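Biologist: Could you walk me through this one? I'd like to start with the cysteines.

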Amino acid sequence: MISQVFILSSKGDHLIYKDFRGGAGNDIVSIFYEKVTALTGDQPPVVMNHKDIYFVHIRQGGLYWVATTTAGSSPFTITEFLNRLAALVKDYCGSLSEKSVQMNFALIYELLDEIVDYGYIQTTSSDVLKNFIQTEAVTSRPFSLFDLSNVGLFGAETQQSKVAPSSAATRPIQSSREQGGKSEIFVDVIERMTVVIGSNGLLMKADVEGEIRVKCYMPSCSEMRIGLNEEFSIGKSQLRGYGAAVRVDECSFHQAVRLDEFDSHRILRLCPSQGEQTVMQYQLSDDLPSALPFRLFPTIERDNGGRLLMYMKLRCDLPPKSAAINVCATIPVPKGSMSLSQELSSPDQSAELKPQSRAVVWQIARFAGGTQLSALFKLEVPSLSSASMLEVGPVGLSFELPKITATGLQIRFLRLSPIQPGPSQRWVRYVTHSDSYTIRI
């Protein structure tokens, strides 16, 4: 049973506050924010208590989503409720941010009135709620010509002439009263890499967690069929087809997915509801089918003037026609590092020393596959010694790889039935992110 639900900004501003049971004081929001900010560490506990009140919270969109309850309630149920509430707000408002919540506070209060009754959860289904929600969403992002420059973010390989802008899928879902708007379905194959490379250059760990997300703007779609690689296999027991094998260790599906054609033809069948849902999740450990996207060749030494020299050579091993974007290398440096001078191999790079985090941050906006970049960093470190030089590293990489999956998973086809009477669009996106990419020096 839920007593209160409130949404706070990262600075503690009250955006949404709903008291279902009464009894709790108005200062309960301030108490939560004081407790969550007083804790040391980047990840506070999900459940905290104050006297006989328990706070359950999550962080999404840079916001705190909090529910209060008393003893006897399941924290897992409330955590799942908060995740579904955030997903509903994203579906109905188009995006999750402080501005979108502020502009759609009336819509969010209406959602809370429908999904929770006197503290008891009723439903979190967008298909059910769209028949009752009357408030229209207010979109906060105006049209920009810069959206059209993100060529390749959306669009299957066979539809290179049609490219959707980057903000195409971040808009509110249609209500049952609306007939206008585009009929579109977006299918995202999103993978996150966790890699550890030893100081000798050998791979120590390589894990990939992936998911297939569907966001539907077709109110009349009764069934969708998603065809995966015919060579897709789960586990090492058997290989399928005649092409390159695409294998994962574990795989799970949304409860709405029907698997009667999965074993024979690798086809997922489902009736998508309006909004976003994850239809499949999978994991692969320590057996990547392709080469790692990045290799680092570091040289750490001390010059005659007592300065610390760090020569970093970073190689991108993606195919030549591919590219990584938003590449950022974080290089921990010795305590007390002061000024930084740098020599970068190309003008599209930048670097700065951040004394608070004791790291040099090397940023590359776009890194073409099959190329190599280098940087020479010279640091003034008082009383530099051999022991302090050991404080350099490990290097952490963050990046995004558009149109690439580390496992090789692909969408063969995307079919809707019955055939839509009006014009409809189907978009597929592949993207790989770095969850944790660590290179020891």
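Modeller: Bearing in mind that this is a predicted model, the count of disulfides comes to zero when a pair of cysteine sulfur atoms has to lie within 2.5 Å.

Biologist: Okay, and C93, is that buried or exposed?

Modeller: C93 has a relative accessible area of 3%, and because anything under 20% is taken as buried, C93 is buried.

Biologist: And what about C316, buried or exposed?

Modeller: C316 is buried as well, since its relative accessibility is 0%.

Biologist: Switching topic, where does L112 sit?

Modeller: L112 belongs to helix α4, which covers residues 105–115, and with a relative accessibility of 1% it counts as buried.

Biologist: Which residues does L112 touch, not counting those up to four places away in sequence?

Modeller: With those set aside, L112 touches V5, I16, K18, F20 and L85.

Biologist: How far apart in space are L112 and T124?

Modeller: Their C-alpha atoms are 9.8 Å apart, while in sequence L112 and T124 are separated by 12 residues.

Biologist: Now S3, where is that found?

Modeller: S3 lies in the segment that comes before β1, the strand made of residues 4–8.

Biologist: Buried or exposed, then, for S3?

Modeller: S3 counts as buried, because its relative accessibility is 13% and the cut-off for buried is under 20%.

Biologist: What is S3 in contact with, leaving aside neighbours within four places in sequence?

Modeller: S3 is in contact with K18, D19, F20 and R21, and also with T68, T69 and T70; K18 and F20 are likewise among the residues that L112 touches.

Conventions: Residues numbered from 1 in each chain as written. Predicted model: local features only at pLDDT ≥ 70, side-chain atom pairs only at ≥ 80, totals over all residues. Heavy atoms only, no water. Helix = DSSP H or I, 4+ residues; strand = E, 2+ residues; numbered from the N terminus. Buried < 20%, exposed > 50% of the residue type's maximum accessible area, 1.4 Å probe, protein only. Contact = heavy atoms within 4.5 Å.
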